Amino acid sequence: MKAVIPAAGFGTRFLPATKAQPKEMLPVFDKPTIQYVIEEAVASGIDDILIVTGKNKRSIEDHFDKSFELEYTLRESGKKDVLKQIQEITDLADICYVRQKEQKGLGDAIYCAKKHIGEEPFAVMLGDTITKGKIPCTKQLINVNQKYNSSAIAVEEVPNEKVERYGIIKGRPVEDCVYKIDELVEKPSLKEAPSNLAIMGRYVLTPDIFDCIEETEPGKAGEIQLTDALSKLNVIYGSIFDGKTFDIGNRLEWLMTSIEFALDDEKSHYQILDFIKTKI
């Protein structure tokens, strides 16, 4: 299976930090955000990845490319552990790039991958969402896709105050934590929301999604919404992710995610904890 990572947005919610660098390259603790996403893909058995980029995204390509000068410097200075980490980044997966020429929405960004994908199911992994679980989120969706031979998307229960920030599903349970979806609503008000099960940035889609995107009219701001295209699929399943999702689409949640990841690190745990205590 192949994976598509849309990374063409301007990252306006992070300005001015994203004026000259992609939001996908903002570090969460000690790695760029997009590296966590690619590591999840690899852990799910995927090593063929297409990143959909836009203007000012060259640093993403540079990060996953080989850096002869840096490797030489690290080797000469005897920093073998860091050298190993750098080489592992380059060898993570086969990564290709295609540019979304206009900002026309997530649906259009995924449509840019049509030629690369062909006629097989594929994963879509949003670059502003990081997941943690014993079984990677994307692997869980692959399992659902293979069992039901249909598209599958990750969903998660969200508190009422966050409902209007997400696409929300209405569905019928077919097994523990798996729903057959009847309706998808993009960012509804709490009053209009059919549930509190939100779409969480991981998908495994059948190739007929490309036809659905072609049939989808642009919505707000002239963008083609993926949720609208998903609604046109004949059958689609929602799977509640057995793990934790980190939505880093805004500054505060990005910062809190970095702190949580730092606390999970053995070397930094107690220093971070002591710092937080002094501030409290």
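In the predicted model, Y36, F246 and F261 are joined by ring pairs into a cluster. Six aromatic pairs are present in the structure. Within one of these, Y36 and F261 meet edge-to-face, with 5.2 Å between the ring centres and 90 degrees between the planes. Because Y36 belongs to helix α1 (residues 33-43) and F261 to helix α10 (residues 251-264), this pair ties together parts of the chain that lie 225 residues apart in sequence. Both partners are classed as buried: the relative accessible area is 13% for Y36 and 7% for F261. A second pair involves Y148 and Y237, which is stacked because the ring centres lie 4.4 Å apart and the planes meet at 25 degrees, under the limit of 30 degrees for stacking. This pair also links distant parts of the chain, since Y148 is located in helix α7 (residues 137-148) and Y237 in strand β12 (residues 236-240), 89 residues apart. Y148 is partly exposed, at 22% relative accessible area, whereas Y237 is buried, at 9%. The ring of F261 has a further partner in K132, which lies over its face at 4.0 Å from the ring centre.

Helix α1, which carries Y36, is mostly covered, with eight of its eleven residues buried. The buried positions are T33, I34, Q35, Y36, V37, I38, E40 and A41. In an α-helix there are 3.6 residues a turn, so residues three or four places apart point the same way. Just after α1, G45 adopts a positive phi of about 95 degrees.

The largest nonpolar core comprises 30 residues, and those with the most contacts inside it are F122, I153, I169, Y203, I209 and L230. At least two residues of this core are supplied by each of β4 (48-53), α5 (106-111), β6 (122-125), β8 (151-157), β10 (178-186), β11 (197-205), α8 (209-215) and α9 (226-230). Another core, of 29 residues, lies apart from the largest one and includes I34, I46, I49 and V204. I34 is also among the buried residues of α1. For I169, one of the residues with the most contacts inside the largest core, the contacts beyond four places in sequence are I153, V155, Y179, I181, E183, L184, P194, S195, L197 and I199.

Helix α7 contains N145 as well as Y148 of the stacked pair. N145 is buried, with a relative accessible area of 5%. Setting aside residues up to four places away in sequence, N145 touches M1, P121, S150, S151, A152, V204 and T206. Of these contacts, V204 is also a member of the core of 29 residues.

Internal space was examined next. Rolling a probe the size of a water molecule over the atoms shows where empty space is left. The structure holds one cavity of 30 Å³ or more. The largest cavity encloses about 50 Å³ of space. Its lining is formed by F14, K23, E24, L26, T33, G127, D128, I248 and W254. Among these lining residues, T33 is one of the buried residues of α1.

Technical notes: Residues are numbered from 1 along each chain as its sequence is written. This is a predicted model: local features need pLDDT of at least 70, side-chain atom pairs count only at pLDDT 80 or more; totals for chains, interfaces and linings use all residues. Side-chain values use heavy atoms; hydrogens and water are left out. Rings of Phe, Tyr and Trp (its six-membered ring) pair if their centres lie within 6.5 Å; planes under 30 degrees apart count as stacked, over 60 as edge-to-face and the rest as tilted. Helices (H or I, at least four residues) and strands (E, at least two) are DSSP runs, numbered from the N terminus. Buried means under 20% relative accessible area, exposed over 50%, partly exposed in between (1.4 Å probe, protein chains only). A charge sits over a ring if NZ of Lys or CZ of Arg is within 6 Å of the ring centre and within 35 degrees of the ring normal. A nonpolar core is a set of buried Ala, Val, Leu, Ile, Met, Phe, Trp, Tyr and Cys residues joined through side-chain atoms within 4.5 Å. Contact means heavy atoms within 4.5 Å. On a 1 Å grid over the protein atoms alone, a cavity is a set of points where a 1.4 Å probe fits but cannot get out, and a pocket is an open set with protein on both sides within 12 Å along at least five of seven lines; lining residues have an atom within 4 Å of a point. Grid points are joined across faces, edges and corners, and a volume is the space filled by probe spheres set on the points.
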